[in-house]
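Visitor: Please take me on a close look at one part of this protein, the space left open between its atoms. I work at the bench, so plain definitions would help.

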Amino acid sequence: MTKHIFVTGGVVSSLGKGLTSASVGLLLERRGLRVRLQKLDPYLNVDPGTMNPYQHGEVYVLDDGTETDLDLGHYERFTGVPAKKSDNITTGRIYQQILAKERRGDYLGGTVQVIPHVTDEIKRAIEKLVAPDVDVVITEIGGTVGDIESLPFVESIRQFRLDKGPDAALYIHLTLLPYLRASGELKTKPTQQSVGKLREIGIQPDILICRCEVAPTEDMLRKISLFCNVPREGVLVEQDVSHTIYEVPLVLRDQRIDDLICRRLNLPQRAADLSDWERIVATVRHPEQEVEVAVAGKYIELQDAYKSIYESLAHAGIQRKTRVKVRKIEAEEIESKGADAALAGVSGILVPGGFGKRGVEGKIAAVTYARERKIPFFGICFGMQIAVIETARNLCELGGANSTEVDPATPHPVISLLDAQKRVVELGGTMRLGAQACRLKPGRALDAYGAPVVSERHRHRYEFNPAYKKVLEEHGLAVTGEHEQLHLAEIVERTDHPWFVGVQYHPEFKSKPTRAHALFDGFIAAALQYRAGGAAPQSRAASG
């Protein structure tokens, strides 16, 4: 029988429920258990696809084209399980399904209510992950216990264990021990009140994980155990890690959380092999070298907006035993200060995705800086499109060249909408989304991948305009990767540059700490070569 673990959070949001869920998933997977992870989000949006990065952070895209919460990125990076549409459910999607049933008459004219109709729909969403080949489903509940919008989800997981039996499900509650610097004290009262809220609903946590920046004393942990009615062995500490988030699974393992879970759920007791994970952490703590690269984007002040990109750079660093120092630069800062002032001294420049016109000219200046100085350049999604615009303007002498997203009246729409996208009215879930095959031609990308066909995840509306392919290639910007069926440009490279690659897709969504994405690894390798004062090794000719 599939077992269930429910992860809730208290006191404040952004405690790290996603990282904790992913870490537990990793530990159980390394014990030979087959795991699925799921995020239930209380907000009313149907999915995160139309949400502003300032409110939600990164939109993470799955192979099946689903736009999801960024925590699913943690799930995929930590475990070997590819996420699916059923792994991210929002209140909006739950209500959408309920209202569709009501319109069809499924409820036979009965009054539709939160209990039982909403809670039953939530339980069905959890049940969808149950399968003969799944031993454990880990379900993270977004938000904070006590929030009005979270109540139906918390009530649903209370009912779930009642329905399935006491040994079918386990509750983990993540809470905060705030540190008051003025008095030099950790406070347990917020944790006690958070657990009290859960118990009012009818949930008694089996495991309590205390987030803190200063380690609590043993007396304090015993006090928490007593007041929260959790056995002392179930009160764990997740202190802020000093080097990398990849320390979290080791911190929890050292407190035997996986033993606790397996005993409580009657799961097989096996040893977990985390030797490779230990090597990852050791490499981050003691790198052999350092390289600095710039990320020039429009949401730089938001750590979560480019979460997967920063993690992918770290993965490449781990693979190269290198500390990758990231200089985060607002594109508008390049516009105001100039590229020389903003980018001087870096050994690589990455321009990530983004929507809208803000900061476009700064990104173009960053591309020019990388091209002229032969600094390794990596453009992702909109960053690839920026590289096309830069070549069109500065080398092809196509004055005013632009994307029609930025300038609908541009005389040279080198980036434009496909005809199919021009007919789109609804914004949610209508971009080119998900994993699609790309056939490679000789060039840096093929050198990195080592395979002629690759599958990568997309999230964009605008495309390289094939009408300009000939003139761009005549000026050194070659199309070295195309969609197998639609023949859309997926990769562009400069033939006169040591390492200059732009990709229309999002390679950051397929990178892991145990296996860096080939292009991020190639980018960091080129940056190290540049820093050492040499050119990147010669590529096979990147010609059309």
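What volume does the largest pocket have?

Guide: The largest pocket has about 990 Å³. Before we go in, note that this is a predicted model, where local features need pLDDT of at least 70 and side-chain atom pairs count only at pLDDT 80 or more, while totals for chains, interfaces and linings use all residues. Residues are numbered from 1 along each chain as its sequence is written, and side-chain values use heavy atoms, with hydrogens and water left out.

The search itself rests on a simple idea: a probe the size of a water molecule, rolled over the atoms, shows where empty space is left. On a 1 Å grid over the protein atoms alone, a pocket is an open set of points with protein on both sides within 12 Å along at least five of seven lines, a cavity is a set where a 1.4 Å probe fits but cannot get out, and lining residues have an atom within 4 Å of a point. Points are joined across faces, edges and corners, and a volume is the space filled by probe spheres set on them.

Back to the largest pocket: it has 42 lining residues, and Ser13, Ser14, Leu15, Asp71 and Asp304 are the closest to its centre. Helices (H or I, at least four residues) and strands (E, at least two) are DSSP runs numbered from the N terminus. Those supplying at least two lining residues each are α1 (17-29), β2 (35-41), α2 (53-56), α3 (71-78), β10 (207-212) and β11 (235-239). Helix α2 gives the most, with 4 residues. By class, the lining holds 16 nonpolar, 12 polar and 14 charged residues; here Ala, Val, Leu, Ile, Met, Phe, Trp, Tyr, Cys and Pro count as nonpolar, Asp, Glu, Lys and Arg as charged, and the others, Gly among them, as polar.

The second largest pocket holds about 580 Å³. Of its 27 lining residues, Pro53, Val59, Gly354, Phe355 and Arg459 lie nearest the centre. This lining divides into 15 nonpolar, 7 polar and 5 charged residues.

Now for the closed spaces. There are 3 cavities of 30 Å³ or more, and the largest has about 70 Å³. Gly354, Phe355 and Arg459 are among the residues that line this largest cavity, as are Cys381, Gln385, Glu405 and His460. Helix α16 (382-394) and strand β19 (453-460) are the elements that give two or more residues to this lining, which splits into 4 nonpolar, 3 polar and 3 charged.

The second largest cavity has about 40 Å³. Its walls are Leu37, Tyr75, Glu76, Val81, Pro82, Ala83 and Asp87, that is, 5 nonpolar, no polar and 2 charged residues.

For contrast, let us turn to the packed side chains. A nonpolar core is a set of buried Ala, Val, Leu, Ile, Met, Phe, Trp, Tyr and Cys residues joined through side-chain atoms within 4.5 Å, and buried means under 20% relative accessible area with a 1.4 Å probe, protein chains only. The largest such core has 44 residues, with Ile5, Leu28, Ile207 and Ile261 among those touching the most other members. Helix α1, met above as a pocket wall, gives the largest share of this core, 6 residues. Taking contact as heavy atoms within 4.5 Å, and not counting residues up to four places away in sequence, Ile261 touches Ile5, Val24, Leu28, Leu170, Ile172 and Ile207. Leu170 sits in strand β7 (residues 169-176) and is buried, at a relative accessible area of 1%.

Definitions and conventions: Buried means under 20% relative accessible area, exposed over 50%, partly exposed in between (1.4 Å probe, protein chains only).
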